[in-house]
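User: Could you take one part of this model and walk me through its surroundings? I'm in my first year, so please explain the terms as you go.

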Amino acid sequence: MIREICVGLVLTLLINIEETLCLNPPQDVRIVRSNLQWKRPADDDDSVLYSLQYKPGHKTGDEWYSVTSHNGTQLRFQITPEFYGAVFRVRAEKGINVSEWQYSDSVNCANANFCVPLLKLSVKPEMVLVTMAHMDESLEKEDGEHVEFNLSYWKVNNGGYLKPESVITKSKNEPIVQPESGQRYCFQVQYLLYEKPYGNVSNPICAIIPETPETIKSRHLLYSIFASFLVTAICGVCILLLFKHHKKAKRLLQPLRLEIPNHYQEFFRSGEFPLQACPSGSSQSLRSYDMITVIECSNLKQKGQEEEQETIIST
């Protein structure tokens, strides 16, 4: 009994699903350049609506996003840069009835006019190797030899930009020879498809060209010569000035004369400086007072001489 009930429910569900998915799906869903387009089935009328969803290229799960800007009878959708790498799916809707989803290929550079080549620089003295690569191989597979790179580069001079030079090439490795050493150069690239610009221009990449060892040695040699010449010139000027003004220089180089006061000069010239007139019996701790002691002893001697003279006179 339970088994019969379950079988009946499953059959009812399948019938409802079949009735719901009774619409024919869109036909020929594909991406043509920058447009996603499809065709309606032959037995559908103009009242059928089409729902559009997409899954970003970096998403790995089964998570889809509705394109709310498209929900009508239109049979195409303009692809913008944010949909690069995404996969679209479309289905028909009419009331409660819907069709199965129809899927497109992923969006690539051949389908969108906004791709830019990848740019890489390898800088060496007197040469820059520019390496260019595709974001994907779709453009090269679809258009083959008609795909070219338009490489532009220019020198940055004192904050300004000189007139850029262009190189059109099919090679992915383009050497730029003989750039000025020590200067800053910028590079950018764009696709050319059938000799016409295709996609966007890449962001500029700038680099300073290193100097060669010969240039560095030459600069150091020039600096040494200039320094030697400068030192020689300074020495020559000094010698010339010394020769012309040697008398003034002689006076300036003489040591300062020590001017001794007159009363000190008379004291030293008189010879009366009896350091040994009065022997000091004091200890070494009293040596700082020897001069005072000498002066007192000399005064006593002078008084004694005066007293002797008076005695002689009185007699």
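Analyst: Here is a close look at Arg89 and its surroundings, followed by some ring pairs.

This is a predicted model, so local features need pLDDT of at least 70 and side-chain atom pairs count only at pLDDT 80 or more, while totals for chains, interfaces and linings use all residues. Residues are numbered from 1 along each chain as its sequence is written, and side-chain values use heavy atoms, with hydrogens and water left out.

Arg89 sits in strand β6, residues 87-94. (Strands are DSSP runs of E with at least two residues, helices are runs of H or I with at least four, and both are numbered from the N terminus.) Arg89 is buried but has no salt bridge. Buried means under 20% relative accessible area, exposed means over 50%, and partly exposed is in between, using a 1.4 Å probe and protein chains only. A salt bridge needs a side-chain nitrogen of Lys or Arg within 4 Å of a carboxyl oxygen of Asp or Glu. The nearest side chain of opposite charge, Asp62, is 5.0 Å away; here Lys and Arg count as positive, Asp and Glu as negative, and His and the chain ends aren't counted.

So what does Arg89 have around it? Its side chain makes a polar contact of 2.7 Å with that of Gln53, and another of 3.3 Å with that of Tyr103. (That's a pair of N or O atoms within 3.5 Å; within protein, one must be able to donate a hydrogen and the other to accept it, and residues adjacent in sequence count only if both atoms are side-chain atoms.) Arg89 also lies over the face of Trp64, 4.3 Å from the ring centre, and over the face of Trp101, at 4.2 Å. A charge sits over a ring if NZ of Lys or CZ of Arg is within 6 Å of the ring centre and within 35 degrees of the ring normal.

Rings pair up with each other too: there are 11 aromatic pairs. Rings of Phe, Tyr and Trp (its six-membered ring) pair if their centres lie within 6.5 Å; planes under 30 degrees apart are stacked, over 60 edge-to-face, and the rest tilted. The centres of Tyr84 and Phe114 are 6.5 Å apart and their planes at 80 degrees, so this pair is edge-to-face. Tyr84 is in the loop between β5 and β6, and Phe114 in the loop between β8 and β9, 30 residues apart. Tyr84 is partly exposed at 27%, while Phe114 is buried at 12%.
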